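The exercises below are to be worked with the sequence and the structure at hand. Each task is followed by a solution in steps.

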Amino acid sequence: MKSGRLLAVILGLATVALIAVGTIWPVSTAVAYAGGQGLFSSSSTPEQAVKNLGDEFRLREWSKAYENLANKNQFSEADFEHDLTGYYPSLRTFSTLESFGVFPLHASADSADVRLDMHWSTVVGTSNTTRNLHLVKTGDAWKVEWPLFKEPEVPPQVISEDYLRWDVIFRGPGDDWATQNVDSPHITIVDMHPVQRAEGVVVLGEILNQDVVPAYVSVSATLLAKDQSAIATESCFDKISHLLLPKQVTPFLIEFPNQQLSDVSAIRMSPFSSLVSAAAGPVIAINDEHLNPAPDASLTGQVVNESGKVLSVAHVLGTLYDKSGQVVWVVDKYIDRALLPKTPAPFNIPIPEDLARKISSQRTVVASFSFGGSV
Amino acid sequence: MWKLALISTLLLPLAAYAADAPSVYVDPSVPQTPRPMESQTRTAVVRDYLQSWKALQTAFEQNRTDLLNADFVGGALKTLDKTIRAQSALGITTRYDDLSHRLQIVYYSPEGLSIELIDRVSYTVQVFDHGRPVARRQEHARYIVVMTPSQVRWRTRIFEANPA
Amino acid sequence: MRLHLALITGASLLFGALPGAFAQSGSLSVPGTVEAGAGFSIQTTGSGSAALYIVGPSQVFKQEVRLGGPVMLPAGSITHAGHYLVAVVTPSSKQTASLDVLPAAEPASISFLAEPSRLPVDLRDAITGAAYIFDSYANLITRPLPVSFKLSAPSGAPQVQTVTTRNGAAWVRMNSTPQRGEDTFIAQAGSISVSRSVHQVAGDPCQLTMSAHPSGPQLELETNPVRDCSGNPVPDGTIVTFTESYDGGLSSADVPLKRGIAKAYLPAHPGGVLSVASGVVLGNQIHWEK
C-alpha cells in the first residue's frame with residue numbers, strides 16, 4: 001500500500017517534469033508543428049526571420065505570416081495568400097510546402113537579402129519556386145518585405161468558343177464477338193530509340209495519332225535479353241501527353257532503373273490507345289521558345305492560353321532532337337499556376353548538362369487540364 | 001509359363017492406367033489462311049485448347065458448370081453448360097478421358113479474332129447414373145473447334161463433332 | 001490352384017481394361033448419321049424395359065423404353081450436332097453404339113466479323129470480312145455453302161464477292177473507296193444476311209498550304225481548306241501545327257481545323273520563317289520579311 005502510493009507520486013512528479021522540459025526546451029520539429037514561432041524563436045537574425053516565415057508557410061498560417069511582414073500595408077492579406085496558393089484553382093492550391101532552404105545573400109546593420117527556395121509537394125511531384133527577399137530591421141527583430149506577385153487582371157470580355165467535341169457510344173455489355181463496335185484509335189510509334197544513362201536504360205520516342213478521333217494513349221516497353229526472355233517491363237507515366245487529338249504527336253520517355261543496354265538484344269514496344277470523349281480546344285500557343293546552352297542548359301518560353309477559360313494545370317513537354325532529327329531527350333514541367341486567358345506564363349525547364357551540346361532543335365507541346373473536367 | 005501369364009495379366013491394367021496425359025500430335029504444315037500465324041500464337045492456341053479439354057472433363061465429372069467459364073465462351077459455353085445442367089437433373093455424370101489428339105490448324109481469320117482447328121480425338125466415355133456405371137465405350141470423333149481471344153488466353157467458342 | 005487363381009484374376013483384369021467391355025454392340029441398331037432436330041428411330045432386340053441414354057458433350061438424353069422394337073425419337077429430341085454414345089441398359093445387359101448428329105441443311109444465322117469499323121479512303125484490301133454460318137440450332141454448318149459479301153459505298157458501284165465456306169468459315173478482303181462516307185458491308189448466305197457499317201474517313205492532308213497576314217503586332221496564319229489527296233475534306237478537329245522560327249527562337253501553336261480551316265496568331269518577327277504541318281505531312285513555308 002505504501003509502496004503503491006510512493007510509485008504514484010513518483011510517476012506524477014516525473015510527468016510534470018517532462019512536460020516542463022518539453023515546454024522550456026522543445027525540439028524544433030515539435031515547435032514547427034505546434035505553432036511555429038511559439039514563445040521561444042525570435043527573428044533576431046535575417047535567416048531566422050526567413051526561417052520562421054517558411055515554417056508559417058508550411059503550417060499554412062497565412063495570417064501569422066502576413067502580420068510579421070514589413071510591407072503588409074502595400075497589399076491585403078488575401079493577395080498575400082493568393083500569391084502563395086494561387087488566385088485560381090491550380091496545382092499550387094492543393095500543394096503543401098514540404099521543405100525550404102534559406103540562403104543569405106547580403107547583410108548590413110539594418111537590411112539584408114536572403115534567398116528562399118521553396119519545395120512544394122503537388123499531386124504530380126515536387127514544384128520548386130524561389131523568392132529573393134529583402135529584410136529590414138525593426139527594433140530587435142528582422143522583418144521580411146514580401147515581393148508580391150500579383151496575378152494580372154484579364155479585362156472583362158465575352159469570348160465565344162465553338163471547339164469541336166467528341167463523345168463515344170460503345171456497344172453494350174455481354175459477349176462481344178462478331179457484333180459491331182468502334183475501333184480503338186490508330187496510333188503509331190514514329191520514333192524510338194534506347195539510350196544508356198547513369199541511372200539505367202531510357203527508351204525515348206514519339207507517338208502519332210494517325211486517326212481522325214481523339215485517343216487516350218500510353219506506352220510500355222519490355223527489354224528482352226539475347227535468349228528473348230524479358231528482363232524488365234516499364235511504362236511511361238509522366239513524360240507523355242496522354243490525350244492526343246487527331247494527327248497530334250507526343251514524346252514519351254520510359255525509364256528502366258539499374259539496367260544495362262549491353263544486356264538488351266531487343267525491345268518490345270506496346271503502345272495502347274482507347275477512345276475517349278474530348279474537346280478540340282483550348283488552343284495554347286507557345287512563344288519565345290529558346291534552347292539555352294550550358295551552363296544551366298534549359299528550355300524556356302511562354303505559354304499563352306488562347307481561350308476564354310482559366311486552365312488549372314498546364315503540362316509543358318519538350319522533345320529535344322539532335323542534328324539528324326533523332327530524339328535525344330524529353331523534358332517536362334508542370335506550371336503550378338492557373339493559365340489565365342490571353343496571359344503569357346513563363347516556363348523554364350532544365351536540360352541535363354551532358355546532353356545540352358548534342359541538342360540541335362526542339363519541339364514543345366502543352367497539355368492542359370481544368371479542375372471539374374479535362375479540356 | 002504360368003508365371004509369365006500372371007505377370008502379363010497384371011501388367012496390362014497397369015499399362016492402361018500408366019499414361020495419364022493424352023498423346024498430342026500437331027500437324028506442322030502451314031495452313032493456307034488469310035493471316036500469317038506466329039509460332040507463339042500457334043503454341044498458345046494449342047495449349048489453351050488442350051486446357052479446355054481438361055476443364056470439360058472435370059466439369060462433366062463433377063457436374064460443375066462454373067469450371068467451364070475460364071476456357072469456354074459463347075455458343076460452346078452455352079451448350080456445355082446446358083448439357084451439364086441436364087445431366088445433373090437426370091442424376092447422370094459422364095467421364096471423358098481423352099487418349100489422343102491429332103490437331104490441325106486450318107484457319108486464322110483475317111482480322112485475327114478467330115482460329116479454327118480440327119481435332120481428331122480418341123477418348124473413352126463412361127456414363128454413371130446415380131453413381132452406378134451404366135455404359136462405357138471408346139470413341140473416335142472429329143471436332144471442329146473455333147477459338148477466340150480473350151484478355152489472357154484463347155477460349156473455345158465453337159466445339160462441334162462433325163465427321164468429315 | 002494358384003494357376004487357376006492367377007488366370008481368373010488376369011482374365012477379369014484384362015476384360016476390365018479393354019474399352020467397351022461392358023457394351024455388346026450388334027443388337028442395337030442406330031442410324032449412322034441424323035440431321036439435327038430430325039426424328040429418327042433406334043432398333044432394339046430383347047424384351048422388357050430398359051433405359052435409353054444418348055450422351056455427348058453437346059446434349060444428354062435419357063428415356064425409359066420397351067425392348068424388342070423400334071424406339072421412336074420425335075423431331076426436336078436431339079438438336080445439337082455432335083458425336084454421341086447411345087446406350088440401352090437393363091439390369092442384366094448393356095448395349096452401346098455411336099451416333100453422329102449433323103447440322104441442319106439451311107443456314108439460319110451468320111456471325112460476321114467486319115474490320116475495321118473506321119479507316120482512311122482509297123486503301124487496297126484494307127477491309128476484311130469473315131463469316132461463320134450456323135443452322136437454326138446454332139450448329140456450325142460445315143458443308144460447303146456459298147456466301148456473298150457486298151460492300152456498298154455512298155457513291156460508286158458496290159464491290160461483291162461470293163466465297164464458298166470451308167469448315168463453316170468464309171472470308172474476303174475489299175478495298176476502301178476514294179470517297180469518304182458510311183459504307184454498308186453485308187454478308188449473305190441463302191436468305192439470311194447480316195450488315196455492318198464501315199466508316200471511311202479522309203486520308204492524310206495533301207498539299208497543305210497556308211497564308212500569312214499582319215494583324216497588329218501579330219501574324220494571322222490561315223490554311224487553305226485542308227483536303228486529302230482524293231479531295232475529301234479532312235475532318236474538323238484534326239490538329240495543324242503552325243511554327244515560326246526567328247533569331248534562335250521559336251513560337252508554335254497546335255490548332256484544330258474548324259470548318260476545314262486552321263487559323264492561328266503568332267508574334268510577328270521580321271525575318272521569321274513560318275511553316276505548317278499536320279501529323280507527318282509538311283506544308284509550305286513563308287519567309288516573313290516585313
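## Exercise 1: The build of chain C

Chain C has 1 helix and 25 strands, where helices (H or I, at least four residues) and strands (E, at least two) are DSSP runs numbered from the N terminus. The radius of gyration of chain C, taken over C-alpha atoms, is 36 Å, well over the 19 Å that the globule rule gives for 290 residues, so chain C is more spread out than a compact globule. The globule rule is 2.2 Å times the number of residues to the power 0.38. The model is a predicted one, in which local features need pLDDT of at least 70 and side-chain atom pairs count only at pLDDT 80 or more, while totals for chains, interfaces and linings use all residues. Residues are numbered from 1 along each chain as its sequence is written, and chains are lettered from A and ligands numbered from 1 in the order in which they are written.

Task: describe the extent, burial and division of chain C.

Solution.
Step 1. Along the principal axes, the C-alpha atoms of chain C fill a box of roughly 120 × 55 × 25 Å.
Step 2. Of the 290 residues in chain C, 43% are buried. A residue is buried if 20 or more other C-beta atoms, placed from the backbone, lie within 10 Å of its own, exposed if 12 or fewer, and partly exposed in between.
Step 3. Among the contacts in chain C with a separation of 6 or more, 57% join residues 24 or more positions apart. Two residues are in contact if their C-beta atoms, placed from the backbone, lie within 7 Å.
Step 4. Chain C is divided into domain 1 (24–102), domain 2 (109–201) and domain 3 (205–288), with bounds from an automatic or database domain assignment. The centres of domain 1 and domain 2 of chain C, taken over C-alpha atoms, are 41 Å apart.

## Exercise 2: A mixed sheet in chain C

Task: which strands of chain C stand at the edges of the open sheet of 5 strands, and how does strand 15 pair with strand 12 and strand 16?

Solution.
Step 1. The open sheet of 5 strands in chain C has the order 10-16-15-12-13 and mixed pairing; two strands pair if DSSP finds at least two bridges between them.
Step 2. Strand 10 (118–120) and strand 13 (159–164) of chain C are the edges, each with a single partner strand, so one side of each has no neighbour in the sheet.
Step 3. From one strand to the next, the twist averages 25 degrees. Axes are lines fitted to C-alpha atoms, for helices over the stretch in contact, and angles run from 0 to 180 degrees between N-to-C directions.
Step 4. Strand 12 (residues 146–152) and strand 15 (residues 181–189) of chain C are antiparallel and share 5 bridges. S152(C) is opposite T184(C), and S148(C) has Q188(C) as its bridge partner.
Step 5. Strand 15 and strand 16 of chain C are joined by 9 bridges and run antiparallel, with F185(C) opposite R196(C).
Step 6. These two strands form a hairpin with 2 residues between them, and G190(C) in the turn has a positive phi of about 65 degrees.

## Exercise 3: The side of chain C that touches chain A

Task: which strand of chain C gives the largest share of the side that touches chain A?

Solution.
Step 1. The contact involves 29 residues of chain C and 26 residues of chain A.
Step 2. Strand 9 (109–115), strand 16 (192–201), strand 22 (249–256) and strand 23 (263–267) of chain C each supply at least two residues of this side.
Step 3. Strand 22 of chain C gives the largest share, 8 residues.
Step 4. By class, this side of chain C holds 14 nonpolar, 11 polar and 4 charged residues. Ala, Val, Leu, Ile, Met, Phe, Trp, Tyr, Cys and Pro count as nonpolar, Asp, Glu, Lys and Arg as charged, and the others, Gly among them, as polar.
Step 5. Strand 22 of chain C also pairs with strand 14 (residues 284–292) of chain A, antiparallel and over 4 bridges; in this pair E289(A) is opposite L250(C).

## Exercise 4: The sheet that holds strand 23

Task: what is the strand order of the open sheet of 3 strands in chain C?

Solution.
Step 1. The order is 18-19-23, with antiparallel pairing.
Step 2. Strand 18 (210–215) and strand 23 of chain C are the edge strands, each pairing on one side only.
Step 3. Strand 19 (residues 218–223) and strand 23 of chain C are joined by 5 bridges, and E222(C) has K263(C) as its bridge partner.
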